[in-house]
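The following exercises concern the structure displayed below. Each gives a task and then a solution in steps.

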Amino acid sequence: MIAPPGAGKGTQADRLAKRFDIDHVSSGELLRAEVEQGSDFGLQARQYLDAGDLVPDDVVLAMIMNRLVAADDAGGFVLDGFPRNLPQAQAAAEAAREDQVRVQAVINLEVSTEEVRRRLLDRAAAGGRSDDQEATIDHRLEVYDAQTQPLIEYYRGRGVLRTVDGEQPVDDVAADVLDSLIDLTSPG
Ligand code: AP5
C-alpha cells in the first residue's frame with residue numbers, strides 16, 4: 001500500500017489481510033510497538049515518529065526484513081507503510097530477489113490532501129496518536145510528497161501499480177481494492 005498519511009492504508013490493509021487470511025505487516029505499528037516496549041529500535045525511532053520524520057533506513061530495514069520473510073513463509077502478506085523511499089524500495093527488491101518473494105501488486109490509494117488532513121484531525125480530536133498534531137500532520141504530508149510519492153512512478157514502471165480512489169466510504173474503497181486485484185485473485 002502506498003498512500004499519504006490518513007489515506008486508509010491501515011484500514012484497507014487490515015481488511016485485505018483478513019479477506020485472504022494473510023498477515024498485515026505495518027511498519028508504523030511495528031515501530032510504535034518497539035517504542036512502547038522501550039527496545040533499542042524503539043529508543044532510536046521515537047524522536048522521528050513524534051516529529052513526523054522517517055525513521056532512518058537502517059533501523060527500519062533491520063526491524064522489518066525478518067518479519068517479512070516469516071510472513072511470506074506463512075503464506076504472504078499485505079505491507080503497509082514500507083517501503084517509504086527509494087533506498088527502502090531498492091533494499092526491499094534486493095531482499096525479495098534473494099528470498100524469492102514476489103511483489104504481486106502495489107496499491108496506490110488516491111485521496112486529496114484536504115481529505116487526509118480532515119481524517120487525521122478528526123482522529124486527533126478523538127484522542128489520536130502522538131504524531132496527529134496539526135503541524136506534525138502537515139510535516140508528514142510534506143515528507144510523503146518529497147520521499148514516498150516518487151515510489152508511485154517507480155512501481156508503475158515495474159508494472160505492478162494498481163490505483164484506487166480512496167476518497168470514498170471505507171466499504172466502497174475495499175470493494176475497489178478487491179476489483180483492482182481481480183486478475184490475481186480469481187481462479188484460473
Ligand atoms: P504510519 O504508521 O505508516 O502512519 P502514516 O503513513 O502517517 O499513516 P496513518 O497510519 O496515519 O494513516 P493510514 O493511511 O494508515 O490510514 P488509516 O487507515 O489509519 O507511519 C507513522 C510514522 O512511522 C512515520 O511518520 C514514520 O516516522 C514512521 N515510519 C513508518 N514506516 C516507516 C518506514 N518505512 N520508514 C521510515 N519511517 C517509517 O486511517 C486514518 C484515519 O482515517 C482513521 O481514523 C480511519 O478510521 C479514517 N479512515 C480510513 N479510511 C477512511 C475512509 N475511506 N473514509 C473516512 N475515514 C477513513
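The model used throughout is predicted.

**Exercise 1. The surroundings of helix α7**

Task: Determine which elements cover the buried residues of α7, and establish how the buried residues are arranged around its axis.

Solution.
Step 1. The cover of the buried residues of α7 includes α3 (40–51), β3, α6 and α8 (150–157).
Step 2. A residue is called buried when its relative accessible area is under 20%. In α7, this holds for Thr136, Ile137, Arg140, Leu141, Val143, Tyr144 and Thr148.
Step 3. These residues cover an arc of only 160° around the axis, and therefore lie on the same side of α7.
Step 4. The other side of α7 carries the exposed residues Ala135, Asp145 and Ala146.
Step 5. The length may be checked as well: the 15 residues of α7 should span 21 Å at 1.5 Å a residue, and the end C-alpha atoms are 20 Å apart, which agrees.

**Exercise 2. Helix α1 and the residue that follows**

Task: Compare the span of α1 with the expected value, locate its buried face, and describe the backbone just after the helix.

Solution.
Step 1. From first to last C-alpha, the 12 residues of α1 reach 16 Å, close to the 16 Å expected at 1.5 Å a residue.
Step 2. The buried residues of α1 are Lys9, Gln12, Ala13, Leu16 and Ala17.
Step 3. Viewed down the axis of α1, the buried residues fall within an arc of 135°, so they line one face of the helix.
Step 4. Lys18 and Arg19 are exposed on the other side of α1.
Step 5. Among the elements covering the buried residues of α1 are β1, β2, β3 and α9.
Step 6. Just after α1, aspartate 21 adopts a positive phi of about 55°. Aspartate 21 belongs to the loop between α1 and β1 (23–26), and its relative accessibility of 69% means that it counts as exposed.

**Exercise 3. The nonpolar cores**

Task: Identify the residues with the most contacts inside the largest nonpolar core, and state which elements each supply at least two of its residues.

Solution.
Step 1. The largest nonpolar core has 18 residues, and those with the most contacts inside it are Met1, Leu16, Ile107, Leu109 and Val177.
Step 2. At least two residues of this core come from each of α1 (9–20), β3 (106–110), α6 (113–125), α7 (134–148) and α9 (170–180).
Step 3. The greatest contribution to this core is that of α1, with three residues.
Step 4. Apart from this core lies another, of 17 residues, which includes Val59, Leu61, Leu79 and Ala95.
Step 5. For isoleucine 107, once neighbours within four places in sequence are left aside, the contacts are Met1, Ile2, Leu16, Arg162, Val164, Val177 and Leu181.
Step 6. As general background, nonpolar side chains tend to be buried together in soluble globular proteins.

**Exercise 4. The packing of α5 against α8**

Task: Characterise the packing of α5 and α8 by angle and axis distance, and classify the residues in contact.

Solution.
Step 1. Helix α5 (residues 86–99) packs with α8 at an angle of about 30°, and their axes are 10 Å apart.
Step 2. The contact involves Leu86, Ala89, Gln90 and Ala93 of α5, together with Leu151, Tyr154 and Tyr155 of α8.
Step 3. By class, six residues in this contact are nonpolar, one is polar and none is charged.

**Exercise 5. Backbone exceptions in loops**

Task: State which residues are joined by a cis peptide bond, and determine whether glutamine 100 is buried or exposed.

Solution.
Step 1. The reference is that most residues other than glycine have a negative phi, and most peptide bonds are trans.
Step 2. Phenylalanine 82 and proline 83 are joined by a cis peptide bond, with omega about -5°. Proline 83 is located in the loop between β2 (77–80) and α5.
Step 3. Glutamine 100 has a positive phi near 55° and is situated in the loop between α5 and β3.
Step 4. Because its relative accessibility is 73%, glutamine 100 counts as exposed.

**Exercise 6. Two buried helix residues**

Task: Determine what alanine 71 and serine 180 touch beyond residues up to four places away in sequence.

Solution.
Step 1. Alanine 71 is placed in helix α4 (residues 57–73), and at 0% relative accessibility alanine 71 counts as buried.
Step 2. With residues up to four places away in sequence not counted, alanine 71 touches Asp23, Val25, Gly76 and Phe77.
Step 3. Serine 180 lies in helix α9 and, at 16% relative accessibility, counts as buried.
Step 4. Under the exclusion of residues up to four places away in sequence, serine 180 touches Arg162 and Val164.

Definitions and conventions:
Residues numbered from 1 in each chain as written. Predicted model: local features only at pLDDT ≥ 70, side-chain atom pairs only at ≥ 80, totals over all residues. Heavy atoms only, no water. Core = buried A, V, L, I, M, F, W, Y, C linked by side-chain atoms within 4.5 Å. Buried < 20%, exposed > 50% of the residue type's maximum accessible area, 1.4 Å probe, protein only. Helix = DSSP H or I, 4+ residues; strand = E, 2+ residues; numbered from the N terminus. Contact = heavy atoms within 4.5 Å. Expected span 1.5 Å × (residues − 1). Arc of directions from axis to C-beta. Axes fitted to C-alpha atoms, helices over the stretch in contact; angles between N-to-C directions. Nonpolar A, V, L, I, M, F, W, Y, C, P; charged D, E, K, R; others polar.
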